[in-house]
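Trainee: Could you walk me through this one, and show me how each label is earned?

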There are 2 protein chains.
Amino acid sequence: MCSPEVAKVVRERIAREGLPQINRRSFLKLGGAAAAGLAAAAALPARVAQAQEMSEVVDLSHVFATDVPVYVLGATPTREAQVTVQNDGFYIQQWTFGEHTGTHVDIPAHFIADGETVDNYDASLLVSPAVVIDISAKAAENPDATLDVADIEAWEAANGEIPAGALVCMYSGWEAKWSDALAFRNADDAGVQHYPGFSADAARFLLEQRDIHGIAVDTLSLDPGNSATFDVHVLILGGGKYGIENVANLASLMGKAATVVCGVPRFQEGSGGPCRVLAMV
Amino acid sequence: MCSPEVAKVVRERIAREGLPQINRRSFLKLGGAAAAGLAAAAALPARVAQAQEMSEVVDLSHVFATDVPVYVLGATPTREAQVTVQNDGFYIQQWTFGEHTGTHVDIPAHFIADGETVDNYDASLLVSPAVVIDISAKAAENPDATLDVADIEAWEAANGEIPAGALVCMYSGWEAKWSDALAFRNADDAGVQHYPGFSADAARFLLEQRDIHGIAVDTLSLDPGNSATFDVHVLILGGGKYGIENVANLASLMGKAATVVCGVPRFQEGSGGPCRVLAMV
């Protein structure tokens with residue numbers, strides 16, 4: 001997610017509210033359930049039971065191609081073959097891209113001035129039990145649909161409380177449009193994009209009431225496409241968590257216990273980056 | 001691994017021997033133990049027992065930085081901040097690099113004209129039980145040391161046969177030099193590099209006698225640095241397997257059961273690429 005408009009919005013927010021108040025340190029100062037949940041996330045007990053049953057690898061990543069849908073028009077990656085097997089005996093491509101391209105991770109430093117960068121982000125947070133919340137029915141009727149607290153509550157009523165250290169994934173069905181970059185971006189005549197995302201209330205609920213590692217979406221942005229304030233980005237990244245955008249194949253995980261590994265290279269001082277997201281089901 | 005000399009060597013090899021005869025298809029045509037082993041690798045039974053015990057994530061990846069050691073001098077990645085939180089409200093870097101930089105994967109297409117590319121390479125092969133073979137004692141005395149069939153046999157005598165679908169990792173201790181790029185590359189006055197790698201016989205043994213997913217090294221090349229013929233690359237990639245170079249922290253896995261996930265982005269028609277390598281111990 002990136003946009004020239006973000007600058008203005010975030011500057012105004014910081015002028016108005018100061019830097020986000022939710023960060024890992026302030027969470028650790030909390031007493032009771034929240035602190036206990038965070039402590040539990042340091043080890044991997046919740047994952048163990050799930051991993052025992054794993055029998056399949058599901059690829060949650062789109063191909064990182066030069067025609068991927070992008071938040072800012074024109075910001076697609078470029079590549080060129082430096083050498084080829086035919087001419088040179090071996091084959092290597094050179095790539096140029098921004099860190100927020102394709103299936104990729106947003107790390108706190110993407111929005112938070114003193115936020116952690118991807119090279120030093122705690123690797124154990126990149127391995128998580130998956131929770132997939134299906135909002136595809138309402139998203140099919142309304143591209144501005146959001147994953148709300150009520151959707152989380154409905155999931156929990158059927159499945160039990162979101163486990164500690166979870167990656168909470170929004171399945172909106174939007175990925176079906178991936179091969180048509182303009183339809184995936186779905187901008188109206190005024191340039192406002194329209195596709196589903198988390199609501200700010202849902203992000204706040206997950207940060208304050210549950211113990212998550214991060215969130216993931218099958219769209220271009222953690223926030224819904226029509227957001228002008230990027231609340232979900234500020235909340236999630238300000239809370240020391242991460243977000244994965246443009247995830248694929250979430251429907252394959254529905255109703256199954258899965259452990260998701262977010263394989264993002266350790267880009268020096270990186271704000272995130274293209275990644276391989278693999279689920280062990 | 002890449003070098004201007006590779007072109008000549010590989011062209012000569014192909015002229016002399018034709019294309020490599022070892023590929024996945026020919027393996028599948030084999031009867032008996034080899035074929036049975038390959039069939040078993042399609043599911044994940046060998047991983048399950050190990051994953052039950054996992055309690056820790058070990059990062060096997062170096063930071064992807066602009067001063068990483070490189071096989072070809074000068075072929076380091078570049079980066080620039082496109083936007084910053086201070087100036088723009090959010091932070092993104094742009095990167096330019098060749099696919100064989102930092103902790104990265106070699107996929108068959110790197111050396112094999114009709115070899116699989118990373119975007120379509122079977123994702124289930126990227127999740128593997130780790131086997132770490134320690135040759136650090138002889139590597140400390142001789143930078144040209146190789147991981148030989150005898151080292152595999154010694155490992156198996158102590159640990160049992162290499163499990164189906166393994167990632168067989170060479171721990172030479174060379175990673176201790178990572179922060180000094182020239183010492184890591186260790187070229188002599190004639191430009192020949194000196195650091196450990198797999199011997200061709202060891203690669204052949206793993207391909208023909210065992211059922212592996214791939215191999216990994218804590219040096220710049222699957223072959224020892226002084227190789228002029230790149231036999232291990234041609235064998236392993238010609239066999240449809242992959243190799244991971246510049247792996248870190250392998251000593252942390254010694255004597256432990258671990259499942260390794262190789263998180264390489266799905267670079268379009270890629271010969272491999274920078275990756276996150278995470279072990280669940």
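Mentor: Gladly, and let's start with a definition: helices are DSSP runs of H or I with at least four residues, strands are E runs with at least two, and both are numbered from the N terminus. Keep in mind that this is a predicted model. Counted that way, chain A has 10 helices and 13 strands.

Trainee: What makes the stretch that holds A:N249 a loop, and where does that loop lie?

Mentor: The loop that holds A:N249 falls between β10 (242-245) and β11 of chain A. Strand β11 covers residues 259-263. A:N249 also has a positive phi of about 60°, although this residue is not a glycine.

Trainee: Why is A:N249 called partly exposed?

Mentor: Set its count against the cut-offs: 20 or more other C-beta atoms within 10 Å means buried, 12 or fewer means exposed, and anything in between is partly exposed. A:N249 has 16 C-beta neighbours inside 10 Å, so partly exposed is the right name.

Trainee: Which other residue outside the glycines has a positive phi, and how do you know its exposure class?

Mentor: A:E269, with phi near 50°, is a residue other than glycine with a positive value. A:E269 sits in the loop between β11 and β12 (272-274) of chain A. With 16 other C-beta atoms within 10 Å, A:E269 is partly exposed.

Trainee: What about A:N159: why does that residue count as partly exposed?

Mentor: A:N159 has 14 C-beta neighbours inside 10 Å, so A:N159 is placed in the partly exposed class. This residue belongs to helix α7 (residues 149-159) of chain A. A:N159 is 28 residues from A:V131 in sequence, and their C-alpha atoms are 9.5 Å apart in space.

Trainee: What makes strand β11 of chain A "mostly covered"?

Mentor: The tally does: 5 of the 5 residues in β11 of chain A are buried. In a regular strand the side chains alternate between the two faces of the sheet. Here A:T259, A:V261 and A:G263 point one way from β11(A), while A:V260 and A:C262 point the other way, and all are buried.

Trainee: How do you know which strands pair with β11(A)?

Mentor: Two strands pair if DSSP finds at least two bridges between them. Strand β5 (residues 127-134) of chain A is joined to β11(A) by 3 bridges, antiparallel, and 5 bridges join β11(A) to strand β13 (residues 276-280) of chain A, also antiparallel. A:T259 has a partner in each: A:P129 stands opposite A:T259, and A:M280 in β13(A) is the bridge partner of A:T259.

Trainee: Which helix is mostly covered, and how do you know?

Mentor: Helix α10 (residues 231-238) of chain A, where 8 of 8 residues are buried. Just after α10(A), A:G240 takes a positive phi of about 80°. For chain A, buried residues make up 53% of the 281 residues.

Trainee: On to the two chains: why is their relation called a two-fold axis?

Mentor: Chain B can be laid on chain A by a turn of 180° and a shift of 0.0 Å along the axis, with an RMSD of 0.0 Å. That is the relation of a two-fold axis.

Trainee: How do you know that the copies meet through the same surface?

Mentor: Of the interface residues of chain B, 98% are also interface residues in chain A, so the copies meet through the same surface. In contact are 63 residues of chain B and 62 residues of chain A. On the chain B side, the largest share, 7 residues, comes from β3(B). That side divides into 35 nonpolar, 19 polar and 9 charged residues.

Trainee: What makes β3 of chain A and β3(B) a pair?

Mentor: Their 5 bridges, set in the antiparallel sense, against the minimum of two. A:T96 has B:T96 as its bridge partner in β3(B).

Trainee: Which sheet includes these strands, and what makes a strand in it an edge strand?

Mentor: An open sheet of 4 strands, in the order β2(A)-β3(A)-β3(B)-β2(B), with antiparallel pairing. β2 (78-83) of chain A and β2 of chain B each have a single partner strand, so one side of each is left without a neighbour in the sheet. Neighbouring strands of this sheet are turned by 15° against each other on average, direction ignored. On the chain B side, β2(B) and β3(B) pair antiparallel over 5 bridges, and B:A81 stands opposite B:Q93.

Technical notes
Residues are numbered from 1 along each chain as its sequence is written. Chains are lettered from A and ligands numbered from 1 in the order in which they are written. This is a predicted model: local features need pLDDT of at least 70, side-chain atom pairs count only at pLDDT 80 or more; totals for chains, interfaces and linings use all residues. Copies are superposed by least squares on the C-alpha atoms of residues with pLDDT of at least 70 in both. Two residues are in contact if their C-beta atoms, placed from the backbone, lie within 7 Å. Ala, Val, Leu, Ile, Met, Phe, Trp, Tyr, Cys and Pro count as nonpolar, Asp, Glu, Lys and Arg as charged, and the others, Gly among them, as polar. Axes are lines fitted to C-alpha atoms, for helices over the stretch in contact, and angles run from 0 to 180 degrees between N-to-C directions.
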